[in-house]
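Thanks for coming, everyone. Let me put the structure up, and then I'll walk through it.

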Amino acid sequence: MLRLLLLRHAKAVGPSADDFARPLAPQGRDEAVAMANYLKTELLLPDLVLASDAARTRETAELAVTKLDATPIQYDHAIYTGDA
């Protein structure tokens, strides 16, 4: 069965003028690892991660993927700039 998992980035530092460059907060780094552990425990292992190229999203994806056994990540700026 095919599944689509939609995840939001982990907690980022407060608002700034450059939204695109906002990194994860320390709490966010812990959250990303916790989510990866949950996905692994529940056997929800993605074949591919599609992510925005914003800093906080890249960090979330990279932290999570380190726990998910070499899941490839593909970054796409259109995800950041796209409409709902």
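**Salt bridges, then the pocket**

Start with E59 and R29. They form a salt bridge, with the closest N and O atoms 3.8 Å apart. E59 sits in helix α2 and R29 in helix α1, so this pair ties together parts that are 30 residues apart in sequence. How covered are the two partners? E59 is partly exposed, at 23% relative accessibility. R29 is partly exposed as well, with a relative accessible area of 34%.

One caution before I go on. This is a predicted model.

How many salt bridges does a search of the whole structure find? Four. Let me take two further ones in turn.

Next is R56 with D19. Their closest N and O atoms are 3.0 Å apart. R56 lies in helix α2, while D19 is in the segment before α1, so the contact ties together parts 37 residues apart in sequence. Is R56 buried or exposed? Buried: its relative accessible area is 7%, and the cut-off for buried is under 20%. D19, on the other side of the bridge, counts as partly exposed, at 30% relative accessibility.

Now K40 and D69. Their side chains meet in a salt bridge, 3.4 Å from N to O. This pair also links distant parts of the chain. K40 is in helix α1, D69 is in the loop between α2 and β2, which spans 73-75, and the two are 29 residues apart. K40 is partly exposed, with a relative accessible area of 34%. D69 counts as exposed, because its relative accessibility of 55% is over the 50% cut-off.

Do look at R22 too. Salt bridges that share partners join D19, R22 and R56 into one network. So R56, the buried residue from a moment ago, belongs to that network.

On to the empty space. The largest pocket has a volume of about 990 Å³. Its lining takes in 31 residues. Which of them lie nearest its centre? L5, L7, P46, L48 and V49.

What about the secondary structure? Three elements each supply at least two lining residues: α1 (26-41), β1 (49-51) and α2 (55-65). Which gives the most? α2, with five residues. Helix α2 is also where R56 and E59 sit.

What is the lining made of, by class? There are 23 nonpolar residues, four polar and four charged.

Now step to the surface. L5, L7, M35 and Y38 make a nonpolar patch of about 380 Å². Two of those names should ring a bell: L5 and L7 are among the residues nearest the pocket centre. M35 has its place in helix α1. M35 is partly exposed, with a relative accessible area of 35%. Patch residues need over 30%, so M35 clears that cut-off.

Last stop, I79. This residue lies in helix α3, residues 77-81. I79 is partly exposed, with a relative accessible area of 44%. Take its C-alpha and that of L68, eleven residues apart along the chain: they are separated by 22 Å.

To recap. The E59 and R29 bridge joins α2 to α1. The K40 and D69 bridge runs from α1 to the loop between α2 and β2. And α1 and α2 both contribute to the lining of the largest pocket. That's my tour. Over to you.

Conventions. Residues numbered from 1 in each chain as written. Predicted model: local features only at pLDDT ≥ 70, side-chain atom pairs only at ≥ 80, totals over all residues. Heavy atoms only, no water. 1 Å grid on protein atoms, 1.4 Å probe; cavity = no way out; pocket = protein on both sides within 12 Å on 5 of 7 lines; lining within 4 Å. Points joined across faces, edges and corners; volume = space filled by probe spheres on them. Helix = DSSP H or I, 4+ residues; strand = E, 2+ residues; numbered from the N terminus. Nonpolar A, V, L, I, M, F, W, Y, C, P; charged D, E, K, R; others polar. Patch = residues over 30% accessible without salt bridge, like charges linked within 9 Å, V, L, I, M, F, W, Y side chains within 5 Å. Areas by Shrake-Rupley, 256 points an atom, 1.4 Å probe, with all protein chains shown as cover. Buried < 20%, exposed > 50% of the residue type's maximum accessible area, 1.4 Å probe, protein only.
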